[in-house]
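Here is a short walk through one protein chain. Keep the sequence and the 3D view side by side as you read.

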Amino acid sequence: MTGLNTILIVVGLFLAGGVYSFARQGMPKGVIVLLSIGSVMCLVAGILRIQGLWD
């Protein structure tokens, strides 16, 4: 696991926590959707890099 993989996964999990927090606070849906998309993109990129499917 390289540093970039770790960073992508940590950022993805951080954004996922933000989504949960913002949803509980009743923040605007647009903010929640943007954080959700960013979270998923970071997590998928990190996992694909770990699996060696994406360089």
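Start at Ile37, which lies in helix H2. The model is a predicted one. Ile37 counts as partly exposed, because its relative accessible area is 44%. Ile37 and Ala16 sit 21 residues apart in sequence. In space, their C-alpha atoms are 9.5 Å apart.

Now step back to the whole chain. Two helices and zero strands make up its secondary structure elements. The C-alpha trace spans about 40 × 15 × 10 Å along its principal axes. The chain has 55 residues, and 25% of them are buried. Its accessible surface comes to about 4,000 Å². Carbon and sulfur atoms hold 74% of that surface.

Contacts across the sequence come next. Take the contacts in the chain with a separation of 6 or more. Of these, 59% join residues 24 or more positions apart.

Turn to helix H1, which runs over residues 3-25. How far apart are its end C-alpha atoms? They are 33 Å apart. That agrees with expectation, because 23 residues at 1.5 Å a residue should span 33 Å. Follow the helix to its end and you reach Gly26. The phi of Gly26 is positive, near 75 degrees.

Which residues of H1 are buried? They are Asn5, Leu8, Ile9, Gly12, Leu15, Gly18 and Val19. These buried residues pack against helix H2, residues 29-51.

Asn5 is a good place to look at that packing. Asn5 lies in helix H1. Its relative accessibility is 4%, so Asn5 counts as buried; the cut-off for buried is under 20%. Which residues does Asn5 touch, leaving out those up to four places away in sequence? Asn5 touches Gly46, Arg49 and Ile50.

Cross over to helix H2. The end C-alpha atoms of H2 are 33 Å apart. Here too the value agrees with expectation, because the 23 residues of H2 at 1.5 Å a residue should span 33 Å. After H2 comes Gly52. The phi of Gly52 is positive, near 80 degrees.

The buried residues of H2 are Ile32, Leu35, Gly38, Ser39, Cys42, Ala45 and Gly46. They pack against H1. The packing can thus be read from either helix: buried residues of H1 pack against H2, and buried residues of H2 pack against H1.

Pick out Ser39, a residue in helix H2. Ser39 is buried, because its relative accessible area is 5%. Leave out residues up to four places away in sequence, and Ser39 touches Gly12, Leu15 and Ala16. One of these partners, Gly12, also takes part in a polar contact. What distance separates the backbone oxygen of Gly12 from a polar atom of the Ser39 side chain? The two atoms lie 2.9 Å apart.

Ala45 is another residue in helix H2. Ala45 has a relative accessible area of 12%, so Ala45 is buried. Compare its place with that of Gly18. Ala45 and Gly18 are 27 residues apart along the chain. Their C-alpha atoms are separated by 19 Å. Both residues are on the buried lists, Gly18 in H1 and Ala45 in H2.

Now look at the outside of H2. Is Met41 buried or exposed? Met41 has a relative accessible area of 55%, so Met41 is exposed; exposed calls for over 50%. Met41 has its place in helix H2. Met41 and Ile9 are 32 residues apart in sequence. From C-alpha to C-alpha, they are 9.7 Å apart. Ile9 is one of the buried residues of H1.

Finish on the surface. Which residues form a nonpolar patch there? Val40, Val44, Leu48 and Leu53 do. Together they have about 360 Å² of accessible area. Val40, one of the four, is found in helix H2.

To retrace the path, start with the two helices. Follow H1 to Gly26, then H2 to Gly52. Then return to Ser39, where a side-chain polar atom lies 2.9 Å from the backbone oxygen of Gly12.

Definitions and conventions. Residues are numbered from 1 along each chain as its sequence is written. This is a predicted model: local features need pLDDT of at least 70, side-chain atom pairs count only at pLDDT 80 or more; totals for chains, interfaces and linings use all residues. Side-chain values use heavy atoms; hydrogens and water are left out. The expected span of a helix is 1.5 Å times one less than its number of residues. Buried means under 20% relative accessible area, exposed over 50%, partly exposed in between (1.4 Å probe, protein chains only). Contact means heavy atoms within 4.5 Å. Accessible areas come from the Shrake-Rupley method with a 1.4 Å probe; for residues, only the protein chains shown count as cover. Patches are made of residues with over 30% relative accessible area and no salt bridge: like charges are joined within 9 Å, nonpolar side chains (Val, Leu, Ile, Met, Phe, Trp, Tyr) within 5 Å. A salt bridge is a side-chain nitrogen of Lys or Arg within 4 Å of a carboxyl oxygen of Asp or Glu. A polar contact is a pair of N or O atoms within 3.5 Å; within protein, one must be able to donate a hydrogen and the other to accept it, and residues adjacent in sequence count only if both atoms are side-chain atoms.
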